[in-house]
Amino acid sequence: MKSFLFPLLLSTALLSQDNGNVEIYRVEQEDRLEVYAKNTNIYPVTIEVDLKIENLTPDKSLPYTTTISARNNKKIMDLVYDNKEQGWRFSSSFRYYMGNIFARHNDSFAYRLPYPKGDSYRVTQGFGGEFSHYGELRHALDMDMPERTPVYAARGGTVVMMEEGNSIGGASEDMMPYANYITIMHDDETFADYSHLRHNGVNVGLGQQVRMGQLIGYSGATGFATGPHLHFVVKKAKRDGGFVSIPVRFTTTKGITELKEGETYIGY
């Protein structure tokens, strides 16, 4: 299947602009303008800001890229008046996208297999799988699970996106928008997708904190799927929007290891 690549969210602003959940605004001081960004999303965003200004000098090079933490306000630059006795002009344009492009995955972390302890399932498509695990999805995994298999969090974090209302799936790429899924953000601001869940197969709520090993949903075959399975991928935001997958290791009865296509692993 294809990963969930969230589109760029574009905005232009005169003085201030509220584009849903991210806003650029200014605060006037005696000797400068302060430019702030406000992010009300439950996940961090990367924002790219450009300005058209007269009689103002920014303290950052333009265009300027930075990140805003979840539910946070941040001053992103100062604009100093060139001549206080003259008028000034200010307008801004910006775009933002989900995630922190500067996030660094904790490569020492060992993930939990996302199914019940003692259960045994085969990896039907591993890293670099020829069917669909290439490009930005190179480090995704497909696990051959019957429908309604309990799915557990492979790592703790915050539920930042989810869908459970779809009830159809199939082997055509036209089915891609119909996958049910859960996206969990980890403490290093990387994300994990658990995809192809069954209809009404989500057991957590948006914004909920979950621990590793917590029941989060049930497997299915919604979306672009040839049959019931769990698609699992850890990813980080990339510049210009979207995500790139990250290779991860799991704690298994065979030790801490990357999962290999065609191999079977017992929940541990």
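Me: What joins the side chains of histidine 105 and aspartate 107?

Reply: A polar contact is a pair of N or O atoms within 3.5 Å, where one must be able to donate a hydrogen and the other to accept it. In this predicted model, the side chains of histidine 105 and aspartate 107 meet that description, so the link between them is a polar contact of 2.7 Å.

Me: Which other side chain makes a polar contact with the side chain of histidine 105, at 2.8 Å?

Reply: Histidine 105 sits in the loop between strand 9 (89-98) and strand 10 (110-112). Beyond four places away in sequence, histidine 105 touches several residues, including Arg155, Asp188 and Pro247. The polar contact of 2.8 Å is with the side chain of tyrosine 111.

Me: Is histidine 105 buried or exposed?

Reply: Buried means under 20% relative accessible area. Histidine 105 has 13% relative accessibility, so this residue counts as buried.

Me: How many helices and strands does the protein have?

Reply: Happily, this one is quick to picture. Among contacts between residues at least 6 apart in sequence, 69% join residues at least 24 apart. As for the elements themselves, the count is zero helices and 25 strands.

Me: Which strand gives the largest share of the largest nonpolar core?

Reply: The largest nonpolar core has 31 residues, and Ile24, Tyr43 and Val160 are among those with the most contacts inside it. Elements giving two or more residues to this core include strand 3 (22-28), strand 8 (72-81) and strand 9. The largest share, five residues, comes from strand 9.

Note on methods:
Residues are numbered from 1 along each chain as its sequence is written. This is a predicted model: local features need pLDDT of at least 70, side-chain atom pairs count only at pLDDT 80 or more; totals for chains, interfaces and linings use all residues. Side-chain values use heavy atoms; hydrogens and water are left out. Helices (H or I, at least four residues) and strands (E, at least two) are DSSP runs, numbered from the N terminus. Buried means under 20% relative accessible area, exposed over 50%, partly exposed in between (1.4 Å probe, protein chains only). Contact means heavy atoms within 4.5 Å. A nonpolar core is a set of buried Ala, Val, Leu, Ile, Met, Phe, Trp, Tyr and Cys residues joined through side-chain atoms within 4.5 Å.
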